[in-house]
Amino acid sequence: MSIQRVWVSQPKPAIMEKSPFYELSQNHKLEITYQPLIRVEGVSLKEFRAQRVEILDHTAAIFTSRTTVDSFFHICEEARITVPETMKYICQTEAVALYLQKYIVYRKRKISFADGSFNSLVELIVKHKDEKLLLALSEPHRPELPEALAKLKLPVDPVILARTVSSDLKDIDIKNFDLVALYSPSDVKALVEKFGNEDLPAIAVFGEGTLRAALAQGLNVLANAPTPQAPSMVKAIDLYIEKLNNGEEILPIEFKADSSKEEFLRTQQHKLAKKPRAHRTEA
């Protein structure tokens, strides 16, 4: 078996040569097709109101994607809600933080961002534990963040601001591919709904939630990221192809619980349990 044609469930890069997949394709002589399995749409004002969440009851909003940023400000405009200048914004990445400039004046004192990792974002949210937090989510979403914030007993109100729907895949023939790269549980769901879970190409996944969803659907996952050896999807696929070329045995990926994440949450719980010195009573 050899890998020649790869389907990447992401939008086509604006500048192909700057995509990390470009170097991969050159090194292994791959034909790469970029085609999202899903698209994300903002919810309607009616759907938002049905959740009975008041934006102005909150002092900070948490964003993990640009789509939820768009939907948040669209809802505010449609509902004639004036977001106060004192509102703070906590973003998962710098790219999401900079995207806020589309709607507000960028000021570091009101906009903060993590490095894209789960731990970094949770630590940043814990630093804002005294704020009334609004967590903007897409549906479906990875449960790790809401579950972690619930364990930490932070004052967070989750709200669905976007929904994921399947893309039009009528022109895609799954038999044309040797490997499919999936990035979310929604990708897994859309793939199985369209093509079933049998006679599929090799599957590569990114993220714990995606791996769990793929295994639950009975998919044959042969590459995954992030891991210490493969921090990115490109590296995971690169290692997989190298093993194939070397004739190495490749076993299906199995899910292993991340004990470090639980230890991290216990550390954050301990920090939150400490009383501020100013509030301690003198002996």
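**Exercise 1. The central sheet**

Which residue in E7 does Ala60 stand opposite? Find it, then work out the strand order of the sheet around it.

*Solution.* Before starting, note that this is a predicted model, in which local features need pLDDT of at least 70 and side-chain atom pairs count only at pLDDT 80 or more, while totals for chains, interfaces and linings use all residues. Residues are numbered from 1 along each chain as its sequence is written, and side-chain values use heavy atoms, with hydrogens and water left out.

Step 1. Ala60 stands opposite Leu133 in E7. Strands here are DSSP runs of E with at least two residues, helices are runs of H or I with at least four, and both are numbered from the N terminus.

Step 2. Strand E4 (residues 60-63) and E7 pair in the parallel sense over 3 bridges. To count as paired, two strands need at least two bridges found by DSSP.

Step 3. Now look at E8. Strand E7 (residues 133-139) and strand E8 (residues 156-166) are also parallel, with 7 bridges. Leu135 has Pro158 in E8 as its bridge partner, and Ala136 has Val159.

Step 4. Put the strands together: 6 of them form an open sheet with mixed pairing, in the order E3-E8-E7-E4-E5-E6. At the edges are strand E3 (38-42) and strand E6 (111-113), each pairing on one side only. From one strand to the next, the twist averages 25°; the angles run from 0 to 180 degrees between N-to-C directions, with axes fitted to C-alpha atoms, for helices over the stretch in contact.

Step 5. Check how covered E7 is. Of its 7 residues, 6 are buried, where buried means under 20% relative accessible area, exposed over 50%, and partly exposed in between (1.4 Å probe, protein chains only).

**Exercise 2. Two aromatic rings**

Classify the ring pair of Phe72 and Phe73, then find the cluster that holds them.

*Solution.* Step 1. A pair of aromatic rings is described by the distance of the centres and the angle of the planes. Rings of Phe, Tyr and Trp (its six-membered ring) pair if their centres lie within 6.5 Å; planes under 30 degrees apart count as stacked, over 60 as edge-to-face and the rest as tilted.

Step 2. The whole structure has 10 aromatic pairs. In the pair of Phe72 and Phe73, the centres are 5.0 Å apart and the planes stand at 85°, so this pair is edge-to-face.

Step 3. Phe72 is buried at 1% relative accessibility, and Phe73 is buried at 10%.

Step 4. Ring pairs join Phe63, Phe72, Phe73, Tyr89 and Tyr103 into a cluster.

**Exercise 3. The cysteines**

How many disulfides does the count come to?

*Solution.* Step 1. A disulfide is a pair of cysteine sulfur atoms within 2.5 Å. By this rule the count is 0.

Step 2. Take Cys76 as a test. The closest cysteine sulfur, in Cys91, is 15 Å from that of Cys76, too far for a bond.

Step 3. Compare accessibility with the cut-off for burial. Cys76 is buried, with a relative accessible area of 3%, and Cys91 is buried at 0%.

**Exercise 4. Helix faces and packing**

Where do the buried residues of H6 lie, seen down its axis?

*Solution.* Step 1. In helix H6 (residues 144-151), the buried residues are Glu144, Leu145, Ala148 and Leu149. They fall within an arc of 125° seen down the axis, so they line one face of the helix. This arc is that of the directions from the helix axis to the C-beta atoms.

Step 2. Move to helix H8 (residues 208-216), where Gly209, Thr210, Leu211, Ala213 and Ala214 are buried. The elements they pack against include H6, helix H7 (185-195) and strand E9 (179-182).

Step 3. Finish in helix H10 (residues 259-273), which holds Gln268. Gln268 is buried at 2% relative accessible area. Neighbours within four places in sequence aside, Gln268 is in contact (heavy atoms within 4.5 Å) with Val122, Glu123, Val126 and Leu152.

**Exercise 5. Unusual backbone angles**

What is the peptide bond from Ala225 to Pro226, cis or trans?

*Solution.* Step 1. Most residues other than glycine have a negative phi, and most peptide bonds are trans.

Step 2. The bond from Ala225 to Pro226 is cis, with omega near -5°. Pro226 lies in the loop between E11 and helix H9 (233-245).

Step 3. Lys29 has a positive phi, near 55°, and is exposed at 72% relative accessible area. Arg52 also has a positive phi near 55° and is exposed, at 77%.
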